Amino acid sequence: MEYIYKVSDLNVKVKRYLEGNYEFKNMIVEGELSGITYYKSGHLYFQLKDENSQVKCAAFSYQRRGIPNDLQEGEKVRIFADVGFYENRGDFQLLVKGIEKQDGLGKLYAELEKLKKRMAEEGYFSLEHKRALQKYPKAIGVVTAITGAAVHDIIKTIRKRDPRITIYIYSAKVQGLGAEQEIVAGIETLNQIPEIDFIIAGRGGGSIEDLWAFNKEEVAMAFYHSQKPIISAVGHEVDILLSDFTADVRAATPTQAVELSVPELSYYEKEIQFRYDRIQFMEKQYFLKKQQEFQKRMQHYILQHFPKNIENYKRELLYREEQVQKSMEAFLERKRQKYHLSLETLIHLNPMKLLQKGYAVLRQGNRRLRSLEEVSLHEEIEIQVVDGKIIAEVKEKQYANAME
């Protein structure tokens, strides 16, 4: 079964195809102007035609895109645009980004888009390279024209929000011949001042031609390579300035750059008051918690009976001290008795005791004689008695059996 489209479904499908096709992006189309209509809303509508065909064109907020407001019927132009499709009416149209009249702006747009594409592919627009601004700055560097309105707006806004901040201004041309070189030099110079927290570089509004210095590759790269965080603050709303993509922060105007980066003194006061109140609250909660813990512990049985427990422990300690003393005394008494017993045994075994009873010890040299077989007749022996020794000669040996 064939699918039957609703008109709205078909238009959505066509819109997705046309506006999602890369071939229909960033196109340069040449032709003559026809049916030019400027609206108070800031939009511009016209047809672009040649000898055979025509196409509807729309430039939304044309003034902010720097499109001339004096276009004439039949004037030959080149437009820089994307293909668009207005699904509610089924209108095919070109969404215009720029118009080249006599100044070659269309060609510049085409070159700019190529440059943007290359830089994006090389990662210069990546969010991972963006740095945060100092939350509470003490010194700010500014690169802009010293005679322009932008510098006065920046100074006035900073002084209003926080007059304590030091401002370093590098006066640079921001349009015309040599503007890009001066902008780059300003960024590099302010990067050499240690106390500067971040840099604001930009200018007030103007035509796209006036703003074009901030579309230069060298300026965009100076923003990218800035050692200090940097804000691109050019008075415009279009999304094609390269400095917006390579800066750490983008502001629509110089005044907005200050508003984004400099807190008002009242903010400091609120922040300090908030932290003070929080510390007070935390301190109060801490002491309340400790008080509750203390009361809980005071209600504990051990603490309630602490004096009584101390007295019991004291009694137990005295009792154990007495037990230890008694044990030591009993131990010493046992050791004393054992000592006396051993002493008596030693005294009893003392050979002198035997000698005092009339016994004698026979020796021959250093050898003690215990048997008749150990001595021969006529040999000399010593007889040890209690008060000395006797030197004798063996005259006769009588064996115990013979004596019986």
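Which side chains meet in a salt bridge at 3.7 Å, N to O, with lysine 290 as one partner? The other partner is glutamate 293, whose side chain meets that of lysine 290 at this distance. Let us use this pair as a way into the structure, keeping in mind that the model is predicted.

Glutamate 293 and lysine 290 both sit in helix 9, which covers residues 265-298. They are three residues apart there, so about one helical turn separates them. How open are the two partners? Glutamate 293 has a relative accessibility of 31% and therefore counts as partly exposed. Lysine 290 is partly exposed too, because its relative accessible area is 37%. Side chains of opposite charge can pair when their charged atoms come close.

A similar arrangement can be found in helix 11, which runs over residues 306-348. Here the side chains of glutamate 311 and arginine 315 form a salt bridge, at 3.7 Å from N to O. These two residues are four apart in the helix, so they too are separated by about one helical turn. Glutamate 311 is partly exposed, with 36% relative accessible area. Arginine 315, at 53%, is exposed, because exposed means a relative accessible area over 50%.

These pairs belong to a wider set: a search of the whole structure finds 17 salt bridges. One of them joins aspartate 248 to arginine 131, with 3.0 Å between the closest N and O atoms. This pair links distant parts of the chain, as the partners are 117 residues apart. Aspartate 248 is in the loop between helix 7 (242-246) and strand 10 (249-251). Arginine 131, for its part, is in the loop between helix 2 (105-121) and strand 6 (139-144). Is aspartate 248 buried or exposed? At 12% relative accessibility, aspartate 248 counts as buried, because the cut-off for buried is under 20%. Its partner, arginine 131, has a relative accessibility of 29% and counts as partly exposed. Salt bridges can also join up into a network, and Lys56, Arg89 and Asp91 are linked in this way.

Now let us turn from charged pairs to the packing of helices. Two packed helices are described by the angle between their axes and the distance between the axes. Helix 3 (residues 149-161) packs with helix 8 (residues 254-261) at an angle of about 25°, and their axes are 8 Å apart. Helix 3 is therefore roughly parallel to helix 8, because angles under 35 degrees count as roughly parallel. The crossing of these two helices is right-handed.

Next, the backbone. Most residues other than glycine have a negative phi, and most peptide bonds are trans. With that in mind, look at asparagine 26, which is not a glycine but has a positive phi of about 55°. Asparagine 26 is placed in the loop between helix 1 and strand 1 (27-38), and its relative accessibility of 29% makes it partly exposed. Histidine 378 is another residue to look at: it is not a glycine either, yet its phi is positive, at about 70°. You will find histidine 378 in the loop between strand 12 (367-368) and strand 13 (380-385). Histidine 378 is exposed, with 57% relative accessible area.

Where is there a nonpolar patch on the surface? Tyr3, Tyr5 and Leu10 make one of about 340 Å². Of these residues, tyrosine 5 is found in the segment before helix 1 (7-20). With 42% relative accessibility, tyrosine 5 counts as partly exposed.

Finally, two pairs of residues help to relate sequence to space. Aspartate 70 lies in the loop between strand 3 (54-59) and strand 4 (76-86), and counts as partly exposed at 38% relative accessibility. From aspartate 70 to isoleucine 36 there are 34 residues in sequence, and 9.9 Å in space from C-alpha to C-alpha. Isoleucine 200 takes us to strand 8, residues 198-203. Its relative accessibility is 0%, so isoleucine 200 counts as buried. Glutamine 273 is 73 residues from isoleucine 200 along the chain, and 30 Å separates their C-alpha atoms.

Methods: Residues are numbered from 1 along each chain as its sequence is written. This is a predicted model: local features need pLDDT of at least 70, side-chain atom pairs count only at pLDDT 80 or more; totals for chains, interfaces and linings use all residues. Side-chain values use heavy atoms; hydrogens and water are left out. Patches are made of residues with over 30% relative accessible area and no salt bridge: like charges are joined within 9 Å, nonpolar side chains (Val, Leu, Ile, Met, Phe, Trp, Tyr) within 5 Å. Accessible areas come from the Shrake-Rupley method with a 1.4 Å probe; for residues, only the protein chains shown count as cover. A salt bridge is a side-chain nitrogen of Lys or Arg within 4 Å of a carboxyl oxygen of Asp or Glu. Buried means under 20% relative accessible area, exposed over 50%, partly exposed in between (1.4 Å probe, protein chains only). Axes are lines fitted to C-alpha atoms, for helices over the stretch in contact, and angles run from 0 to 180 degrees between N-to-C directions. Angles under 35 degrees count as roughly parallel, over 145 as roughly antiparallel, 65 to 115 as roughly perpendicular and the rest as oblique. A crossing is left-handed if the near helix is turned anticlockwise from the far one by less than a right angle, and right-handed if clockwise.
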